[in-house]
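Dear colleague,

Please find below the structure that I am handing over to you, together with its sequence. My notes on it follow directly afterwards.

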Amino acid sequence: MNVFLPDSCNDSDLKILQISDMHLFASVDKELVGVNTEDSFLSVLQLAQEASWPPDLIFLTGDLSQDSSTESYTRLIEHMTKLNIPCYVLPGNHDTPAMLTELFETPLLTYQPLLHYKQWLFAFLDSETPNEEGGTLDEAAVEKLRQEISAHPNKQVLICLHHQLIPIGSEWLDSMCVANPDSLIKVITDYPNVRGVIHGHIHQSFNTLVANKPLYGAPSTCFQFKPLSKEFAIDSVAPGYRWLRLTEDGDIHTGVIRLDTTPDNLDQNSAGY
């Protein structure tokens, strides 16, 4: 069943897809842990068109590319433009924000910090840290978000970033979460109209609460990390994406949809990438 059909949502609801951690390369033939990331991404994109279409918006929450190549970004733009759905991107630790600023300025694909869309305000925070796998938030950007929320008290707010804001219980991954989360958590705490947080990076479905607001992690479109693992470990579950349905009143309905099978040649014994 299509999760966005009228029997499951109201006309006023905002329908969003979160697609994350594609790890595309300059070459369409390159693989990570045995997975052709291009083919797997396109399979997830096709699944989304079958199971959750049409969305109002698509959010691409980082690690768009593995090698931060112009070729990978250009090809991603071509793939997404064909869908004719507004897409908003943010950088992951494998991306280069300056390249996103340069390339993602098309009518349908944009890299920008804030978006007002109907009753909602979306914040796309850059947590990429040069030469580091972990995340850091720009305190000035967090303060700008605070000011924007204060200026629009009637807007519902969803915060989007790449790195996990708080630990997820996986020791090796939690060494790479946001290093300075306190100021953003204070914003989430101070404003009742901040309704939730979504992020990528962890290659797995995840949900918890931060300051009593829902926080959701997304699967990757290629390979998945095993939850609650002390060391790097690949999971056997299939790639997927997260769908979100946001109401005018600020409620968040969400779920994860996955491919039926894991990619061919997935190396579950990989010790890293």
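The notes below cover pockets, salt bridges and aromatic pairs, in that order. Please bear in mind throughout that this is a predicted model.

Pockets

The largest pocket has a volume of about 260 Å³. Its lining comprises 15 residues, and those closest to the centre are P113, F124, L125, D126 and A141. Helix α4, which spans residues 139–151, contributes the most to this lining, with 4 residues. Sorted by class, the lining of the largest pocket consists of 9 nonpolar, 2 polar and 4 charged residues.

The second largest pocket encloses about 210 Å³ of space. Here 13 residues form the lining, and S40, S43, T262, P263 and D264 lie nearest the centre. Two elements, β3 (35–36) and α1 (37–51), each provide at least two of the lining residues. The largest share, 3 residues, is that of α1. By class, the lining of the second largest pocket has 3 nonpolar, 7 polar and 3 charged residues.

Salt bridges

As a general matter, side chains of opposite charge can pair when their charged atoms come close. In this model there are 4 salt bridges.

One of them joins the side chains of D13 and R245, with an N to O distance of 3.0 Å. D13 belongs to the segment before β1 (14–19), whereas R245 sits in strand β13 (residues 240–246), so this pair ties together parts of the chain that are 232 residues apart in sequence. Are these two residues, D13 and R245, buried or exposed? Both D13 and R245 are buried.

Another salt bridge is formed by the side chains of D190 and R146, at 3.1 Å from N to O. Because D190 lies in helix α6 (residues 182–190) and R146 in helix α4, the pair ties together parts that are 44 residues apart in sequence. Helix α4 is therefore an element to view from two sides: R146 of this helix takes part in the bridge to helix α6, and the helix gives the most to the lining of the largest pocket.

D190 also forms a salt bridge with K186, where the closest N and O atoms are 2.8 Å apart. K186 and D190 are 4 residues apart in helix α6, which means that about one helical turn separates them. Both of these residues are partly exposed: the relative accessible area is 33% for D190 and 45% for K186. Taken together, R146, K186 and D190 are linked in a network of salt bridges.

Aromatic pairs

The count of aromatic pairs comes to 10. How are the rings of W172 and F225 arranged? Their centres are 4.8 Å apart and their planes meet at 80°, so the pair is edge-to-face, the class for planes over 60 degrees apart. The pair links distant parts of the chain, with W172 in helix α5 (residues 171–174) and F225 in the loop between β12 (213–217) and β13, 53 residues apart. W172 and F225 are both buried.

In addition, F59, Y88, W120, F122 and F124 form one aromatic cluster. F124 thus appears in two of these notes, as a member of that cluster and among the residues closest to the centre of the largest pocket.

With kind regards

Technical notes
Residues are numbered from 1 along each chain as its sequence is written. This is a predicted model: local features need pLDDT of at least 70, side-chain atom pairs count only at pLDDT 80 or more; totals for chains, interfaces and linings use all residues. Side-chain values use heavy atoms; hydrogens and water are left out. On a 1 Å grid over the protein atoms alone, a cavity is a set of points where a 1.4 Å probe fits but cannot get out, and a pocket is an open set with protein on both sides within 12 Å along at least five of seven lines; lining residues have an atom within 4 Å of a point. Grid points are joined across faces, edges and corners, and a volume is the space filled by probe spheres set on the points. Ala, Val, Leu, Ile, Met, Phe, Trp, Tyr, Cys and Pro count as nonpolar, Asp, Glu, Lys and Arg as charged, and the others, Gly among them, as polar. Buried means under 20% relative accessible area, exposed over 50%, partly exposed in between (1.4 Å probe, protein chains only). Rings of Phe, Tyr and Trp (its six-membered ring) pair if their centres lie within 6.5 Å; planes under 30 degrees apart count as stacked, over 60 as edge-to-face and the rest as tilted.
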